[in-house]
Amino acid sequence: MALLLSLILCGTGQIYNGEVSKGIIMMVLCILLWLVLLGWVVHIWSIVDAVVVAERINRQSSP
């Protein structure tokens with residue numbers, strides 16, 4: 001789910017994972033960097049980070 005949210009809007013995967021401040025920072029950075037055509041860098045970072053954190057959360061909650 002975090003992956004899908006990040007694909008749709010940068011930073012929402014982090015917000016879904018409970019990292020609200022990180023998600024908002026990524027969202028703002030992505031918007032600002034799209035003005036100079038570099039927003040895709042933050043968007044890809046957001047997607048990868050959301051998946052990695054979600055997997056870590058799932059591993060910690062599994063017995």
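Helices here are DSSP runs of H or I with at least four residues, and strands are runs of E with at least two. With that in mind, select residues 23-54 of this predicted model. This stretch is 88% helix and 0% strand, and its end C-alpha atoms lie 13 Å apart. The choice of stretch comes from UniProt, where an unreviewed entry annotates residues 23-54 as "transmembrane region".

**The whole chain**

Now show the whole protein. How many helices and strands does the protein have? There are 4 helices and 0 strands, and the order along the sequence is α-α-α-α. Turn the model along its principal axes: the C-alpha atoms fill a box of roughly 45 × 15 × 15 Å. The radius of gyration is 12 Å, which agrees with the value near 11 Å for a compact globule of 63 residues.

Switch on the surface. The protein exposes about 4300 Å², and carbon and sulfur atoms supply 76% of that area. Of the 63 residues, 32% count as buried. If contacts are drawn between residues at least 6 apart in sequence, 43% of them join residues at least 24 apart.

**Helix 3 against helix 4**

Select helix 3, residues 20-34, and helix 4, residues 39-61. Two packed helices are described by the angle between their axes and the distance between those axes. In this pair the axes come within 7 Å and cross at roughly 160°. Helix 3 is therefore roughly antiparallel to helix 4, since an angle over 145 degrees counts as such.

Show the side chains where the two helices meet. On helix 3, pick Lys22, Met26, Leu29, Cys30, Leu33 and Trp34. Their partners on helix 4 are Gly39, Trp40, Val42, His43, Trp45, Ser46, Asp49 and Val53.

**The loop between them**

Next, move to Leu37, in the loop that lies between helix 3 and helix 4. Is Leu37 buried or exposed? Leu37 is exposed, because its relative accessible area is 62%. Check its backbone as well: phi is positive, about 65°, although Leu37 is not a glycine.

**Ser6 in helix 1**

Go back towards the start of the chain and select helix 1, residues 2-8, which holds Ser6. Ser6 counts as buried because its relative accessibility is 0%. Leaving aside residues up to four places away in sequence, which residues does Ser6 touch? The contacts are Thr12, Gly13, Gln14, His43, Ser46, Ile47 and Ala50. Among these, His43 and Ser46 also take part in the meeting of helix 4 with helix 3.

**Gln14 in helix 2**

The last stop is Gln14, in helix 2, residues 12-16. Gln14 also has 0% relative accessibility, so it counts as buried. With residues up to four places away in sequence left out, Gln14 touches Ser6, Glu19, Val20, Lys22, Gly23, Met26, Ser46, Asp49 and Ala50. Lys22 and Met26 are among the helix 3 residues that meet helix 4.

To finish, set a distance from Gln14 to Val42. The two are 28 residues apart in sequence, and their C-alpha atoms are 13 Å apart in space.

Technical notes. Residues numbered from 1 in each chain as written. Predicted model: local features only at pLDDT ≥ 70, side-chain atom pairs only at ≥ 80, totals over all residues. Heavy atoms only, no water. Rg over C-alpha atoms; globule rule 2.2 N^0.38 Å. Buried < 20%, exposed > 50% of the residue type's maximum accessible area, 1.4 Å probe, protein only. Contact = heavy atoms within 4.5 Å. Areas by Shrake-Rupley, 256 points an atom, 1.4 Å probe, with all protein chains shown as cover. UniProt positions renumbered as here; feature names shortened; annotations may be inferred. Axes fitted to C-alpha atoms, helices over the stretch in contact; angles between N-to-C directions. Parallel < 35°, antiparallel > 145°, perpendicular 65-115°, else oblique.
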